[in-house]
Amino acid sequence: MNNLKKQVGIKAATFVKDGMVVGLGTGSTAAFFVAELGRRVAEEQLKITAVTTSSVTSAQAHELGIPLKDIDEVPAIDLTVDGSDEIDLELNGIKGGGAALLMEKIVATYSKDYIWIVDDSKMVEHLGAFPLPVEVVPFGCGQLFHLFDVLGFKPTFRLDDNEENLITDMGNHIIDLHLDKIEDPAALAKLLDETVGVVEHGLFNDMVKTVIVASETEGVKVIS
Ligand code: 5RP
């Protein structure tokens, strides 16, 4: 599995050219992309500026000597590369397994180009087997949890190592919705977008045009 993640991370790094502002995703697959960029910066004198999608990725990029800027210090983001938790046949996805969905969605939204890198276990017919993360404001989140429960969304609070409600990099909590199968991702996204107290959700519908996927049998493929 790690080998497949590494292969797509290295492939994605070939899309990065000198002078680009690059969005760095979060997660175990994106970490291979960041590692390869770090190698290219150190060994090939690749000249890039990066913006990151989480404190974890910031720390990795900093460690590797990749020049970082705040998202509001760059004129535009040329390309963002990130992992995904599930991708359906229309290239809609669920993200946020690493609790970074808010920063990830903001960086992706303001990127000219956006690529997901995954192993083939992430490719599914329908979204929803992976619990859908929803980032919520702490104030009133118990009421929101109850609303999701009444709607039949089977909510659970994401917990940290101390069994407390996890706090994201943006100071919010995550409620995971155990939906099993999402029949209409657009309708669900609209409902969540309109729900007070929801900061952002992990449905990334119609955002990505290119997916790099690796499998043991077929190697690395670029789907667009
Ligand atoms: C973090 C994310 C990750 O990109 C997603 O969870 C995939 O992670 P991994 O590559 O470790 O499977 O959305 O919020």
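Strand 3, residues 77-82, and strand 6, residues 111-119, run parallel to each other and are joined over five bridges. I should state at once that this is a predicted model. Within that pairing, Thr80 has Tyr114 of strand 6 as its bridge partner.

Strand 3 also pairs with strand 1, which covers residues 21-24. That pairing is again in the parallel sense, over three bridges. Here Leu79 of strand 3 stands opposite Val22. As a reminder, strands of a sheet pair through backbone hydrogen bonds, in either a parallel or an antiparallel arrangement.

Let me turn to the antiparallel case. Strands 4, 5 and 11 form an open sheet of three strands, in the order 4-5-11, with antiparallel pairing. Strand 4 (86-87) and strand 11 (203-204) stand at the edges with a single partner strand each, so one side of each has no neighbour in the sheet. Strand 5, residues 93-94, pairs with strand 11 over two bridges in the antiparallel sense. In this pairing, Gly93 stands opposite Phe204 of strand 11.

I come now to the ligand. Which residues come nearest to the ligand? Of the 18 residues around it, they are Gly27, Thr29, Gly83, Gly97 and Gly98. Two elements give two or more residues to this shell, namely helix 2 (28-43) and helix 4 (101-109). Helix 2 supplies the largest share, three residues.

What is the division of the shell into nonpolar, polar and charged residues? Ten residues are polar, four are nonpolar and four are charged.

Technical notes: Residues numbered from 1 in each chain as written. Predicted model: local features only at pLDDT ≥ 70, side-chain atom pairs only at ≥ 80, totals over all residues. Pairing = 2+ DSSP bridges. Helix = DSSP H or I, 4+ residues; strand = E, 2+ residues; numbered from the N terminus. Near = placed C-beta within 6 Å. Nonpolar A, V, L, I, M, F, W, Y, C, P; charged D, E, K, R; others polar.
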